[in-house]
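Visitor: I should like to learn how to read a structure of this kind, one feature after another. May we begin with the burial of a helix?

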Amino acid sequence: MVDARWGRGQTMATDNVADAGNAGNAGRGVIPAGRWDDGGMYESYVGRWSRLVAREFLAWLAMPADADWLDVGCGTGALTQTILAMASPASVRGIDRSPDFIEFARLHTADPRATFAVGDAQALPEPDAVADVAVSGLALNFVPQPELAVAELARVTRPEGIVAVYVWDYAGEMQLMRYFWDAALALNPDDEALDEGKRFPHFAAEGLVQLFTQTGLHQMETRAIDVPTDFRDFDDYWTPFLSGQGAAPGYAMSLSEQQRAKLRESLRSRLPIASDGSISLLARAWAVKARR
Ligand SMILES: C[S@@+](CC[C@H](N)C(=O)[O-])C[C@H]1O[C@@H](n2cnc3c(N)ncnc32)[C@H](O)[C@@H]1O
């Protein structure tokens, strides 16, 4: 039986996420969404790690060459570019809600097989059965109605084609974010609802399987993808949080300067900093693939 939490009309916590520019709202019941508008800063926060996950994910999919791909929530193009580099596609179309990220992806993807468009994962601007494989990396949890997004991924995929997604293990082993939220909540327990581990609890293997089952996809497989996230020093870890790109940086920038300095020093004392100043953490993503 399908779990009611993915039923139509049910929305994720992202529904009450405020838009960019809501600095100072932490602790007042409004979730600082963070922004998705600065591709360069996004790359230093998540893009550099997202590319490592994309490589493992594509090796796991093992798609034949000359396939038509759709990359939904493509952001700055991390997964799109990895598809071009690894999977010899006939075409890749990247779609994202952020016009700034689409522009960044266009500028940084010089390959005639790649095209990009602004669009919502819940109502893709694509005809039925247009792709051999439809993928989405690190985006599904930000979509207010993820069940609509999975239904759309299935709709645009040809019969017997592949639908596959991955999301960070926010509640578990996405350690760079876990350290952040654990330190933030120790300082501001009232902000517990903002923790991405609390906001996205269903995006582990079991929840992804439920979403896919509900959509009628079959031959499902899931796996954890673990990648190393090695930081040169504490600044290499901390500076991307000052970008406002994404939820945790959005939270960091919603704090007063004094609160942010406290959070920074708390993180410095909690992180496993080696004698040479470097910090080695792990990032886990949960992936699911299935046939349409
Ligand atoms: C963490 S980023 C992931 C980007 C890229 N796939 C990667 O792996 O680096 C999440 C992306 O989801 C996009 N996004 C959020 N909600 C969306 C929606 N409803 N439709 C399309 N894209 C969405 C954001 O604009 C952002 O680019």
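Visitor: Which residues of helix H4 (residues 146-155) are buried?

Guide: In this predicted model, a residue counts as buried if 20 or more other C-beta atoms lie within 10 Å of its own. In H4 the buried residues are Pro-146, Glu-147, Ala-149, Val-150, Glu-152 and Leu-153.

Visitor: Against what do the buried residues of H4 pack?

Guide: Their partners are strand E3 (68-72), strand E6 (131-137), E7 and H7. Another helix, H9 (residues 247-254), is mostly covered, with 8 of its 8 residues buried. Among them are Pro-249, Tyr-251 and Met-253. Across the protein chain, buried residues make up 45% of the 292 residues.

Visitor: How should one read the sheet, and in what order do its strands stand?

Guide: Strands of a sheet pair through backbone hydrogen bonds, either parallel or antiparallel. Here 7 strands form an open sheet of mixed pairing, in the order E5-E4-E3-E6-E7-E9-E8. Strand E5 (114-118) and strand E8 (218-231) are at the edges, each with a single partner strand, so one side of each has no neighbour in the sheet. From one strand to the next, the twist averages 20°.

Visitor: How many bridges join strand E7 to strand E9?

Guide: E7 (residues 157-168) and E9 (residues 279-291) run antiparallel and are joined by 7 bridges. Within E7, Ile-162 stands opposite Arg-291 of E9.

Visitor: Which strands does helix H3 touch?

Guide: Helix H3 (residues 99-107) packs on the sheet, where H3 touches strand E4 (91-96) and E5. The direction of H3 makes about 165° with that of E5. Helix H7 (residues 205-214), by contrast, lies across E7, E8 and E9 and runs at about 25° to E9.

Visitor: Let us turn to a loop. Is Ile-273 buried or exposed?

Guide: The class follows from a count of neighbours: a residue is partly exposed when the number of other C-beta atoms within 10 Å falls between 12 and 20. Ile-273 has 16 of them, and is therefore partly exposed. Ile-273 belongs to the loop between helix H10 (257-270) and E9. Apart from neighbours within four places in sequence, Ile-273 is in contact with Phe-234 and Ile-279.

Visitor: How far apart are Ile-273 and Asp-233 in sequence and in space?

Guide: They are 40 residues apart in sequence, and 7.8 Å apart in space, C-alpha to C-alpha. For the protein chain, residues 24 or more positions apart account for 74% of the contacts with a separation of 6 or more.

Visitor: How many residues surround the ligand, and which are the closest?

Guide: The ligand is surrounded by 21 residues, the closest being Ser-50, Gly-73, Gly-75, Ala-121 and Ala-139. Two elements, helix H1 (39-61) and helix H2 (78-86), give two or more residues to this shell. The largest share, 3 residues, comes from H1. By class, the shell has 11 nonpolar, 7 polar and 3 charged residues.

Visitor: Finally, what is the mean pLDDT of the protein chain?

Guide: The mean is 88, and 88% of the residues reach 70 or more. Over residues 1-30, however, the pLDDT is below 50, although this stretch has 51 contacts in the model beyond near neighbours in sequence. Where pLDDT is low, the predicted coordinates should not be read in detail.

Note on methods:
Residues are numbered from 1 along each chain as its sequence is written. This is a predicted model: local features need pLDDT of at least 70, side-chain atom pairs count only at pLDDT 80 or more; totals for chains, interfaces and linings use all residues. A residue is near a molecule or strand if its C-beta atom, placed from the backbone, lies within 6 Å of it. Helices (H or I, at least four residues) and strands (E, at least two) are DSSP runs, numbered from the N terminus. Ala, Val, Leu, Ile, Met, Phe, Trp, Tyr, Cys and Pro count as nonpolar, Asp, Glu, Lys and Arg as charged, and the others, Gly among them, as polar. pLDDT is the predictor's confidence in each residue, from 0 to 100. Two residues are in contact if their C-beta atoms, placed from the backbone, lie within 7 Å. Two strands pair if DSSP finds at least two bridges between them. Axes are lines fitted to C-alpha atoms, for helices over the stretch in contact, and angles run from 0 to 180 degrees between N-to-C directions.
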